[in-house]
Amino acid sequence: MKNQRSSNIELLRLLCMLGVIFLHYYNAGMGGASKYVAAGSINDIVLRSMESFFICAVDVFVMISGYFLSQANKRTVGRALNLLIQTSIYRILYYFVDLLLHHKSFRWLSLLYMMLPMNWFVMLYVTLYLISPLLNHAFSLTKQKTAVLLVICLFSCFPTIADSMSALMKTNLSTFSTISMYGNNRGYTITNFCMCYLIGAYLRQNSFSGIRKPALVGILLLTTCTLVLWSKKDGSTAWAYYNPVIIVHAAALILLFLKFEMGCRPVINELSGAAFSVYILHPWFLHMYNTEPNVNGSVFKMLLHILFTVFSIAVMSYAADKVYKLLFGKAAQILKKYRPYTL
């Protein structure tokens with residue numbers, strides 16, 4: 001029987017997807033809020049707090065995958081191809097829309113570039129999906145608690161210590177890394193994805209029933225406050241995906257939502273099904289919003305603008321997802337069954 005996800009986890013996926021939009025709203029090179037907000041202001045504190053709460057979103061997505069995919073070893077090449085093709089189709093559509101709106105000249109090399117599914121998350125997630133049965137086998141043959149602690153020490157704690165030392169000493173310690181000779185890359189690595197996958201698998205194998213909701217809420221508040229204070233000294237390390245504080249935050253968030261008994265809520269499941277489209281499309285929509293005049297007004301005005309930006313982008317992305325599924329849904333369902341394999 002196909003393993004269906006509960007709506008409580010789907011609701012968490014939705015929350016994290018909205019959180020990703022906010023993270024890029026705050027990002028200096030995208031929405032620009034962190035660049036424009038007055039340092040040390042109340043707005044700055046609010047934005048840092050929201051960044052610190054939602055920075056776990058990518059880790060949560062991967063842990064959820066580990067939570068579910070660790071239960072079976074059957075995969076299909078078609079599912080991986082489907083994600084890559086969907087990414088490419090969105091990029092091609094964006095290219096032609098950009099040509100029309102900005103009256104640019106068509107170039108074949110530019111089109112070829114946009115045909116490539118260039119997205120760091122998609123490429124790493126597809127890789128993780130394809131090798132996940134190997135991780136399942138390895139995990140099943142180990143003392144699972146010891147294995148999880150080992151990978152956290154090697155790929156979370158040590159990189160955090162190394163990057164903190166680099167920031168403190170103001171020197172490059174990239175070769176003092178357990179991940180690559182070019183440094184730890186702030187968790188934008190297949191290593192971090194594999195670690196989060198195994199943590200998700202471990203959460204599935206252990207109920208953690210002794211940890212009550214108030215305790216989990218307390219953990220989330222503590223980790224958020226820790227990241228806010230840490231980010232004022234070293235934002236790069238504090239908000240790196242491999243940071244053990246973020247790992248704990250992500251795991252606590254999953255455990256908290258697992259305790260909500262929601263049953264199957266079709267509306268939530270329907271909306272969460274558009275999460276991938278929202279992730280791919282939202283950076284392009286973000287450029288339509290003027291962040292600068294809104295982050296230095298009143299806190300109320302800033303929060304209204306954040307809510308309007310996040311939810312309007314989510315709605316537009318959901319509409320685009322519906323159009324995509326209308327046009328390519330049947331082909332995608334056929335493709336997902338292509339080349340099944342079991343390791």
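**Why we call it that: a walk through the model**

Visitor: Why is Lys 104 called partly exposed?

Guide: Its relative accessible area is 47%. Buried would need a value under 20% and exposed a value over 50%, so 47% lands in between and Lys 104 is partly exposed. Keep in mind that this is a predicted model.

Visitor: Which residue does Lys 104 form a salt bridge with, and what makes the pair a salt bridge?

Guide: The partner is Asp 98, and the closest N and O atoms are 2.7 Å apart. The cut-off is within 4 Å, from a side-chain nitrogen of Lys or Arg to a carboxyl oxygen of Asp or Glu, so this Lys and Asp pair qualifies. Side chains of opposite charge can pair when their charged atoms come close.

Visitor: Is Asp 98 buried or exposed?

Guide: Buried, because its relative accessibility is 14% and the limit is under 20%.

Visitor: How many salt bridges are there altogether?

Guide: The structure holds 5. One of them joins the side chains of Glu 10 and Arg 13, at 2.9 Å from N to O. Both of those residues are buried.

Visitor: How do you know that Glu 10 and Arg 13 are separated by about one helical turn?

Guide: Count along helix H1, which covers residues 7-26: the two are 3 residues apart, so about one turn separates them.

Visitor: What makes Asp 321 and Lys 325 a salt bridge?

Guide: Their closest N and O atoms are 3.0 Å apart, and the rule asks for within 4 Å, so they pass. Both sit in helix H14, 4 residues apart, again about one turn of the helix.

Visitor: Which label does Asp 321 get, and why?

Guide: At 2% relative accessible area Asp 321 is buried, since the label goes to anything under 20%. Lys 325 has 40% and is partly exposed.

Visitor: Who else lives in helix H14, and what do they touch?

Guide: Thr 309 is in H14, which runs over residues 299-335. At a relative accessible area of 1%, Thr 309 counts as buried. Skipping residues up to four places away in sequence, Thr 309 touches Tyr 25, Leu 286 and Tyr 289. Tyr 318 is in H14 too.

Visitor: Why does Tyr 318 count as partly exposed?

Guide: Its value is 25%. Buried stops at 20% and exposed begins over 50%, so Tyr 318 gets the middle label. Leaving out neighbours within four places, Tyr 318 contacts Glu 270, Leu 271 and Ala 274. As for Leu 255, its C-alpha is 27 Å from that of Tyr 318, with their positions 63 residues apart in sequence.

Visitor: How do you know that Ile 21 counts as buried?

Guide: Ile 21 comes out at 0% relative accessibility, and under 20% is all that buried requires. Ile 21 lies in helix H1. Neighbours within four places aside, its contacts are Val 278, His 282, Leu 286, Val 310, Ile 313 and Ala 314. Lys 322 is 301 residues away in sequence and 19 Å away in space, C-alpha to C-alpha.

Visitor: What makes helix H9 agree with its expected span?

Guide: H9 has 16 residues, 190-205, and at 1.5 Å a residue that should span 22 Å. The end C-alpha atoms are 23 Å apart, so the two agree. H9 is also mostly covered, with 13 of its 16 residues buried.

Visitor: Which residues form the nonpolar patch on the surface?

Guide: Ile 161, Met 165, Leu 168, Met 169 and Phe 176, with about 510 Å² of accessible area together. Take Met 165, from helix H8 (residues 144-169): patch members need over 30% relative accessible area, and Met 165 has 32%, so it clears that bar.

Visitor: And the whole chain: how many helices and strands, and what makes it as compact as a globular protein of that length?

Guide: There are 14 helices and 2 strands. The radius of gyration is 21 Å, close to the 20 Å that the globule rule gives for 343 residues, so the chain is as compact as a globular protein of that length. Its C-alpha atoms fill a box of roughly 60 × 55 × 45 Å along the principal axes. Of the 343 residues, 48% count as buried.

Technical notes. Residues are numbered from 1 along each chain as its sequence is written. This is a predicted model: local features need pLDDT of at least 70, side-chain atom pairs count only at pLDDT 80 or more; totals for chains, interfaces and linings use all residues. Side-chain values use heavy atoms; hydrogens and water are left out. The expected span of a helix is 1.5 Å times one less than its number of residues. Buried means under 20% relative accessible area, exposed over 50%, partly exposed in between (1.4 Å probe, protein chains only). Patches are made of residues with over 30% relative accessible area and no salt bridge: like charges are joined within 9 Å, nonpolar side chains (Val, Leu, Ile, Met, Phe, Trp, Tyr) within 5 Å. Accessible areas come from the Shrake-Rupley method with a 1.4 Å probe; for residues, only the protein chains shown count as cover. The radius of gyration is taken over C-alpha atoms; the globule rule is 2.2 Å times the number of residues to the power 0.38. Contact means heavy atoms within 4.5 Å.
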